[in-house]
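Work through the exercises below with the sequence and the coordinates open. Try each task before reading its solution.

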Amino acid sequence: MRVSFGEKLPLTQDQITLNGHAIEARVYAENPHKNFMPSVGRIRTWHTPDQSNGLRIDAGYREGDAVSPHYDAMLAKVIAWAPTRDAAIERLNRGLEETDVRGVVTNIAFLSALVTHPDVRANAIDTGFIERELNALTPPPATSGNLELCAAVAAILIEEAKVVKTETPSPWRTAGWMPVGRRQRRFVFRQAPGAEQEISLHYGNGPAKLSVDEREFAFTSSPTVNGGFDLTLDGMKSHIVAVIEGHELYLRTRNGRFDLHWVDPFGGDDEEHVGEDKIVAPLPGTVVALLAEIGAKLEKGAPILTLEVMKMEQTLRAPFAGVLKVIKCKVGDIVQEGVELAEIEPAAG
């Protein structure tokens with residue numbers, strides 16, 4: 001404004017010097033595994049690291065806020081400064097890795113993979129880089145290992161201990177009435193359909209232990225001030241961040257992020273198994289193309305129709321091989337989230 005009134009710039013060009021490096025990553029509510037389709041919903045968990053030592057986070061959302069399809073899907077900017085480019089990248093990646101958002105799908109893991117890619121570190125990229133490297137930048141979720149299974153049990157035990165503290169004291173909750181000797185509690189977790197992993201807790205006389213397959217771990221856990229907990233397995237300590245929502249567990253360990261389902265030990269598993277043969281609108285949008293005809297035999301992944309969602313085209317595909325039984329929309333239809341658009345009959349096995 002001063003310059004517009006004819007005043008001189010406060011500094012000359014040769015007085016301006018570079019001071020370190022800064023880099024920014026933009027966190028969006030979108031799914032990189034589905035062509036960056038926008039994600040909407042209510043944010044159930046919002047946790048970011050402390051803004052200090054060259055790390056800054058500009059956020060427009062917080063826990064409890066709703067992400068709407070009617071506005072830009074950017075949630076926050078994670079900004080890092082450091083004396084060197086490599087140090088700035090490391091600081092930025094730490095900020096991303098210590099950010100946990102639940103309730104909507106985000107691009108946080110994608111951003112972390114992007115900024116740590118060797119070509120990005122070397123600044124040897126161009127505008128086609130992400131498209132060429134998309135498979136490497138969006139790998140399938142890592143399989144949970146012993147650390148994650150033990151962390152899941154520890155998270156459940158910590159949550160149960162919190163509940164006990166809020167209940168009326170009862171003599172039946174004391175250890176004095178328990179049978180003499182060791183006791184065992186079995187946990188089963190599912191990371192993907194049909195892939196179950198079992199772990200057993202042994203407790204009673206002596207230190208508690210966890211066993212996975214043929215391996216046994218001595219373990220202890222203790223909550224930390226940031227909402228996570230420290231888990232020690234056979235003397236090795238790891239910091240864990242866990243979010244439990246009913247039977248759904250989110251874990252962040254040194255190995256990455258993991259989503260596990262705790263299978264109900266009493267058989268009342270509350271997972272949804274219905275409606276898998278129906279194609280529904282993931283978000284409000286407009287049908288812009290029908291790509292298959294009723295009666296067509298479809299392979300898994302075959303395109304069925306295209307929606308325009310938030311100015312982006314998203315192709316809905318067959319979740320399994322089968323026959324297209326019904327199409328319940330036409331080109332030009334404006335549909336709301338969750339509306340059934342087509343139905344597939346599974347192929348005879």
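The exercises go from the whole chain to single residues, and the model is a predicted one.

**Exercise 1. The chain as a whole**

Task: State how many helices and strands the chain has, what its C-alpha trace spans along the principal axes, and what percentage of its residues is buried.

Solution.
- Step 1. Take the secondary structure: five helices and 25 strands.
- Step 2. Take the extent. The C-alpha trace spans about 85 × 65 × 40 Å along its principal axes.
- Step 3. Take the burial. Of the 349 residues in the chain, 36% are buried.
- Step 4. Add the surface. About 21,100 Å² is exposed, and carbon and sulfur atoms supply 53% of that area.
- Step 5. Look at contacts between residues at least 6 apart in sequence: 56% of them join residues at least 24 apart.

**Exercise 2. An open sheet**

Task: Give the strand order of the four-stranded open sheet and find which strands stand at its edges.

Solution.
- Step 1. The order is E22-E21-E19-E24, with antiparallel pairing.
- Step 2. Strand E22 (312-317) and strand E24 (334-335) each have a single partner strand, so one side of each lacks a neighbour in the sheet. These two strands are the edges.
- Step 3. Check the pairing of E21 with E22. Strand E21 covers residues 303-309, and six bridges join E21 to E22 in the antiparallel sense.
- Step 4. Pick a position to inspect: Glu-308 stands opposite Glu-313 in E22.

**Exercise 3. The partners of E23**

Task: Find how many bridges join strand E23 to E20 and how many join E23 to E25.

Solution.
- Step 1. Strand E20 (residues 297-298) and strand E23 (residues 322-327) run antiparallel and are joined by two bridges. Here Leu-298 stands opposite Gly-322.
- Step 2. Strand E25 (residues 340-346) also pairs with E23 in the antiparallel sense, over five bridges. In this pairing, Leu-324 has Ile-344 as its bridge partner.

**Exercise 4. Two helices**

Task: Test the span of helix H5 against its expected value, then say what covers the buried residues of H2.

Solution.
- Step 1. Helix H5 runs over residues 146-166 and has 21 residues. At 1.5 Å a residue it should span 30 Å.
- Step 2. Its end C-alpha atoms are 31 Å apart, which agrees.
- Step 3. List the buried residues of H5. Among them are Leu-147, Leu-149, Cys-150, Val-153, Ile-156 and Ile-158.
- Step 4. Turn to H2. Six of its eight residues are buried, so the helix is mostly covered. They are Ile-108, Phe-110, Leu-111, Ser-112, Leu-114 and Val-115.
- Step 5. The cover includes strand E1 (21-28), helix H1 (85-97), strand E9 (100-102), helix H3 (118-121), helix H4 (129-137) and strand E17 (256-262).

**Exercise 5. Aromatic pairs**

Task: Classify the ring pair Phe-36 and Phe-110 and the ring pair Phe-187 and Phe-189.

Solution.
- Step 1. The structure holds three aromatic pairs.
- Step 2. For Phe-36 and Phe-110, the ring centres are 5.2 Å apart and the planes stand at 80°, so the pair is edge-to-face.
- Step 3. Locate the two rings. Phe-36 is in the loop between strand E2 (30-31) and strand E3 (37-38), while Phe-110 is in helix H2 (residues 108-115). They are 74 residues apart, and the pair links distant parts of the chain. Both Phe-36 and Phe-110 are buried.
- Step 4. For Phe-187 and Phe-189, the centres are 6.3 Å apart and the planes stand at 5°, so the pair is stacked. These two residues are buried as well.
- Step 5. Phe-187 and Phe-189 form one aromatic cluster with Trp-262.

**Exercise 6. Positive phi and cysteines**

Task: Asn-35 and Asp-213 have positive phi: is Asn-35 partly exposed or buried, and is Asp-213 exposed or buried? Then count the disulfides.

Solution.
- Step 1. Asn-35 is not a glycine, yet its phi is about 55°. It lies in the loop between E2 and E3. Its relative accessible area is 49%, so Asn-35 is partly exposed.
- Step 2. Asp-213 has phi near 55° and sits in the loop between strand E12 (209-212) and strand E13 (215-223). At a relative accessible area of 72%, Asp-213 is exposed.
- Step 3. A disulfide needs two cysteine sulfur atoms within 2.5 Å. The count comes to zero.
- Step 4. Check two cysteines for burial. Cys-150 has 0% relative accessibility and is buried. Cys-329, at 10%, is buried too.

Technical notes. Residues are numbered from 1 along each chain as its sequence is written. This is a predicted model: local features need pLDDT of at least 70, side-chain atom pairs count only at pLDDT 80 or more; totals for chains, interfaces and linings use all residues. Side-chain values use heavy atoms; hydrogens and water are left out. Two strands pair if DSSP finds at least two bridges between them. Buried means under 20% relative accessible area, exposed over 50%, partly exposed in between (1.4 Å probe, protein chains only). The expected span of a helix is 1.5 Å times one less than its number of residues. Contact means heavy atoms within 4.5 Å. Accessible areas come from the Shrake-Rupley method with a 1.4 Å probe; for residues, only the protein chains shown count as cover. Rings of Phe, Tyr and Trp (its six-membered ring) pair if their centres lie within 6.5 Å; planes under 30 degrees apart count as stacked, over 60 as edge-to-face and the rest as tilted.
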